[in-house]
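Got the viewer open? Let's walk through this one stop by stop, picking selections as we go.

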Amino acid sequence: VALGNWESIAVAFRTPLYDWHVAHGARMVDFAGWDMPIQYTSIIEEHQAVRTDAGLFDISHMGRLSFAGPDSLSLIQQVYTNNAGTLKDFQVRYGLICNAAGGIRDDVLVYRWPYGYAMVVNASNREKIVAWLAEHKGARSVEVSDRTPETCMVAVQGPRALERCRSLTAADGSQIPYYHAAATTYRGKPCIVSRTGYTGEDGLEFMLSSGQALELWEELIARGAKPCGLGARDTLRLEAAMPLYGHELGEEIDPLQAGLGWAVKWDKGDFLGREALVRRKNDPSLPQRVGLELEGKRIAREGAAVTRDGRTLGRVTSGTFAPTLGKSIAMAYVAADAAAPGSGCEVDIRGKGVSAQVVSLPFYRRPR
Amino acid sequence: MDPKTLRYAPTHEWAKLDGAECTVGISQFAVEQLTDIVYIELPEVGDHVFSGESFGEIESVKAVSDLYSPINGEITAINEKLLDDPTRIATDPYGKGWMIKIKAEPGSTLDHLMTLEGYEKQIASEEH
């Protein structure tokens with residue numbers, strides 16, 4: 001059996017928890033130039049910990065940008081499809097950054113503080129977005145600083161996440177509304193806590209100085225949160241049908257095709273890509289993001305062709321075995337006329353056609 | 001089966017020859033590296049397999065991998081229980097996790113495969 005390459009590769013960046021991961025037997029992989037843990041024990045075990053209790057993720061590779069100066073909002077509004085102008089203090093909002101053709105440069109979270117704004121971007125796009133912001137800054141009075149190197153980011157996710165984090169920070173996580181944040185302290189030092197995540201579960205994300213990464217991490221483990229790698233993060237976000245940049249999102253894909261039209265605010269004023277998006281909005285030739293449920297347990301990997309009666313409908317962008325559902329699932333881009341839930345198709349898995357059905361997204365929604 | 005009595009391929013399959021019947025599975029090390037096995041595809045009884053060529057596939061959450069035959073011959077049995085419950089491979093790779101039985105071509109041996117000692121040296125060099 002060919003086992004593939006699990007060997008860690010010398011890559012550019014390590015998080016402040018790198019040594020901990022290696023010492024605790026994590027398998028490390030190169031993710032967007034970061035040497036990251038893909039799993040500690042088993043992806044399915046870690047996945048289940050998040051669905052049933054609380055899982056802990058080192059997501060320090062995510063890019064953390066802060067905006068200061070009177071024109072911060074104006075710059076964000078120009079590059080961002082959602083409306084940052086209606087954010088209240090401490091509110092967090094998802095949105096896209098588009099190129100002039102309406103393609104997605106990144107998907108980001110914008111945080112509003114009483115004293116400025118912050119943005120969390122994908123690790124793979126951090127340098128690109130920093131350059132994009134500089135390019136479009138113009139004469140604005142705004143300073144964008146990349147805080148990624150000196151800070152860390154940790155997520156605690158799962159139905160018991162809030163309980164496991166009780167009184168961890170000065171402002172308790174359970175008092176923070178969904179998609180809001182608090183600027184508080186952890187052991188007397190500044191810490192940002194937000195009620196956000198990328199797993200489909202309730203939970204918190206912490207941003208603080210890298211120097212405190214290890215003590216926070218170890219305290220969370222002592223409180224019963226289970227360390228989880230990027231492997232489980234991927235199966236979790238897939239079940240929740242959250243798109244991943246480089247798979248469901250890219251420079252050639254617009255937010256409408258991706259099913260993210262809700263994060264595009266047409267009435268907020270002009271923004272980069274708006275004009276192109278107006279044109280693309282009703283273009284029936286553009287493929288659409290769909291969910292597929294496959295028969296059997298074989299996994300549809302990225303790039304697998306989706307066909308019907310010999311006609312190629314599109315391609316799979318991510319697929320996995322969904323541990324919570326016990327099914328093989330995938331996301332794909334298919335021709336708009338084949339995107340209706342309930343329609344059947346075939347996915348080519350190593351030369352064999354596997355029956356599949358378009359299903360409505362998400363695959364998994366947490367019980368409330 | 002006792003791992004000490006088995007022979008090992010560089011691709012992590014184990015084999016045991018009893019007369020002309022060769023039983024094949026994958027090693028504990030392979031199982032630990034794969035983790036989260038969700039699917040296995042095996043050949044059918046009567047199919048011919050060839051040394052060093054794929055006889056099936058094993059799929060984990062992370063990746064799909066080919067399984068390689070250690071010997072030439074004809075499939076006489078497959079472990080059908082694995083098709084419904086591939087986790088048996090991980091829980092008991094040398095016992096309930098056996099995959100196929102092959103009627104080896106006359107004169108076949110497993111001399112080209114490693115002993116446990118040789119195999120352990122290989123995995124030690126892969127692990128670091």
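Start with the aromatic rings: searching the whole of this predicted model turns up 10 aromatic pairs over all chains. Select Trp113(A) and Tyr115(A) to see one of them. Their ring centres sit 6.1 Å apart with the planes at 10 degrees, so this pair is stacked; the cut-off for stacked is under 30 degrees.

Now colour those two by accessibility. Trp113(A) has 5% relative accessibility and counts as buried, whereas Tyr115(A) is exposed, at 58% relative accessible area. Add Phe90(A) and Tyr111(A) to the selection, and you have a cluster of four names joined by ring pairs: Phe90(A), Tyr111(A), Trp113(A) and Tyr115(A).

Hop over to chain B and pick Trp14(B) with Tyr94(B). Here the centres are 6.2 Å apart and the planes meet at 50 degrees, so the pair is tilted. Trace the backbone from each ring: Trp14(B) belongs to strand β2 (residues 13–18) of chain B, while Tyr94(B) is in the loop between α3 (87–91) and β9 (100–104), so the pair ties together parts that are 80 residues apart in sequence. Both Trp14(B) and Tyr94(B) are buried.

Next stop, back in chain A: Val306(A), in strand β15 (residues 305–308). Is Val306(A) buried or exposed? It counts as buried, because its relative accessibility is 0% and the cut-off is under 20%. Show what surrounds Val306(A): leaving out residues up to four places away in sequence, its contacts include Leu292(A), Leu313(A), Val316(A), Ala332(A), Val334(A), Cys345(A) and Val347(A). Glu346(A) and Arg311(A) are also among them. For a distance check, draw a line between the C-alpha atoms of Val306(A) and Arg279(A): these two are 27 residues apart along the chain, and the line should read 27 Å.

Last, zoom out to where the chains meet. Select the contact residues, and you'll get 20 from chain A and 26 from chain B. Together the two chains bury about 2,100 Å², with 51% of that on carbon and sulfur atoms.

How many salt bridges are there between chain A and chain B? The count is 7. To look at one of them, select Arg301(A) and Glu59(B), whose side chains meet at 2.9 Å, N to O. Polar contacts across the interface come to 17 residue pairs, with both residues at pLDDT 80 or more.

To finish, highlight β2 (34–39), α2 (43–52) and β16 (311–322) of chain A, each of which supplies at least two residues to the side touching chain B. Coloured by class, that side of chain A shows 9 nonpolar, 5 polar and 6 charged residues.

Definitions and conventions:
Residues numbered from 1 in each chain as written. Chains lettered and ligands numbered in written order. Predicted model: local features only at pLDDT ≥ 70, side-chain atom pairs only at ≥ 80, totals over all residues. Heavy atoms only, no water. Contact = heavy atoms within 4.5 Å. Buried area = accessible area lost by both parts, 1.4 Å probe. Salt bridge = Lys/Arg side-chain N within 4 Å of Asp/Glu carboxyl O. Polar contact = N/O pair within 3.5 Å; in protein donor to acceptor, adjacent residues only side chain to side chain. Helix = DSSP H or I, 4+ residues; strand = E, 2+ residues; numbered from the N terminus. Nonpolar A, V, L, I, M, F, W, Y, C, P; charged D, E, K, R; others polar. Buried < 20%, exposed > 50% of the residue type's maximum accessible area, 1.4 Å probe, protein only. Phe/Tyr/Trp six-rings, centres within 6.5 Å; stacked < 30°, edge-to-face > 60°.
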